[in-house]
Amino acid sequence: MKSRSGSRRYTVIGLVLTALMLFPVYWMINVSLTPQQDMRKSPPDLLPLHPTFEGYRAVLDDQLPYLGTSLLIGLGTVVLTLLLAAPAGYSLAKLRPRGGALGLVLLIAQMVPGIVMAMGFYGIFLDLGLLNSWWGLIVADSTIAVPFGVMIFTAFMSGIPGELIAASRIDGAGTFRTFWSVVLPVSRNALVTVSLFSFLWAWSDFVFANTLDGGGDLRPITLGIYKYIGNNNQEWNAIMATAVVASVPAAVLLVLAQRYVAAGVTAGAVKD
């Protein structure tokens, strides 16, 4: 009886905490459906009593190019991150290169604030002529994703049985063939995890985008939202509608990949 009452109490607490965490999402949807003239009502309506889709109409009219740019940058970041992180993780896990401080270097790289990196990139990109370019943002966003990806791949690939790799070498496979044909197929969870987080970081990036692509024609959606913000005008329903639309790809990817992400993140946590 006590365990059942305790379980109910924890369930109620969990529901309350979940409601609190999801309330900003609900409020974002509520404001996106609220007419502009009702924005300053006090107290505000908890439900959109007179819903309007003007904000979503503005998204379809104005924001689709920005969404396309964010999709391009996100996919490009995923590809570049996997190309760099997967071989590096395999090397650290199985080839044992000299230099045991590489893991510490990767950890330190993740601790550097994004704004500091953005200032450094600005000077480099200015000299190289890469400012206001979508592929410059791909390179910048990858610097956040690659260290994380290397650590995930290293932890996951460390758990691959050495006998499996030895058997492939006995069959005549070289290092690259072993990596491509044996290691990568069994590293699906790590691949999905790294791909998902790389895409989400690039999709939600604002610091690099605002610093390195503030005046370009191909701006990501995080900068497209600012189109509705001015000194004397804030189109909050359009802003929130854009935020809702921009959140949909991330939410869908998280739902579809949660099983692989759970396995990929916890890889290497338990050793036999």
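**Helix 2 and helix 6.** I looked up the packing of helix 2 against helix 6 (residues 162-170) in this predicted model. I found the two axes 12 Å apart, at an angle of about 100 degrees. I therefore recorded helix 2 as roughly perpendicular to helix 6, since angles of 65 to 115 degrees fall in that class. From helix 2, I listed Tyr90, Lys94 and Leu95; from helix 6, their partners are Gly162, Ile165 and Arg169. By type, I noted 3 nonpolar residues, 1 polar and 2 charged in this contact.

**Helix 2 and helix 7.** I next examined helix 2 (residues 54-95) with helix 7 (residues 175-183), whose axes come within 12 Å and cross at roughly 105 degrees. This pair is therefore also entered as roughly perpendicular. On the helix 2 side I listed Ala86, Pro87, Tyr90 and Leu95, which meet Thr175, Thr178, Phe179 and Val183 of helix 7. I counted 6 nonpolar and 2 polar residues in this contact, and no charged ones. Tyr90 and Leu95 thus appear in my entry for helix 6 and again in the one for helix 7.

**Nonpolar cores.** Which residues have the most contacts inside the largest nonpolar core? I found Tyr90, Phe153, Met157, Phe179 and Val183, in a core of 19 residues. I then asked which elements give two or more residues to this core. They are helix 2, helix 5 (134-158), helix 7 and helix 8 (188-204). Helix 5 supplies the largest share, with 7 residues. I also recorded another core, lying apart from this one, with 14 residues that include Leu137, Ile138, Ala140 and Ala202. As background I noted that nonpolar side chains tend to be buried together in soluble globular proteins.

**Phe179.** I followed Phe179 beyond its neighbours within four places in sequence and found contacts with Ala86, Pro87, Tyr90, Met157 and Leu184. Of these partners, Ala86, Pro87 and Tyr90 belong to helix 2.

**Asn237.** I located Asn237 in helix 11 (residues 236-265). Is Asn237 buried or exposed? I entered Asn237 as buried, because its relative accessibility is 7% and the cut-off is under 20%. Leaving aside neighbours within four places in sequence, I listed Val31, Ser32, Thr34, Gln36, Met39, Thr52, Glu54 and Gly55 as its contacts. For Thr52, I noted a separation of 185 residues along the chain from Asn237, with 8.9 Å between the C-alpha atoms.

**Asn132.** I checked the backbone of Asn132 and found phi near 60 degrees, a positive value in a residue other than glycine. I placed Asn132 in the loop between helix 4 (114-128) and helix 5. Its relative accessibility is 42%, so I classed Asn132 as partly exposed.

**The protein as a whole.** I counted 11 helices and 0 strands. Of the 272 residues, 37% count as buried. Among contacts with a separation of 6 or more, I found that 78% join residues 24 or more positions apart. I recorded an accessible surface of about 16,000 Å², 67% of which belongs to carbon and sulfur atoms.

Notes: Residues numbered from 1 in each chain as written. Predicted model: local features only at pLDDT ≥ 70, side-chain atom pairs only at ≥ 80, totals over all residues. Heavy atoms only, no water. Axes fitted to C-alpha atoms, helices over the stretch in contact; angles between N-to-C directions. Helix = DSSP H or I, 4+ residues; strand = E, 2+ residues; numbered from the N terminus. Parallel < 35°, antiparallel > 145°, perpendicular 65-115°, else oblique. Contact = heavy atoms within 4.5 Å. Nonpolar A, V, L, I, M, F, W, Y, C, P; charged D, E, K, R; others polar. Buried < 20%, exposed > 50% of the residue type's maximum accessible area, 1.4 Å probe, protein only. Areas by Shrake-Rupley, 256 points an atom, 1.4 Å probe, with all protein chains shown as cover. Core = buried A, V, L, I, M, F, W, Y, C linked by side-chain atoms within 4.5 Å.
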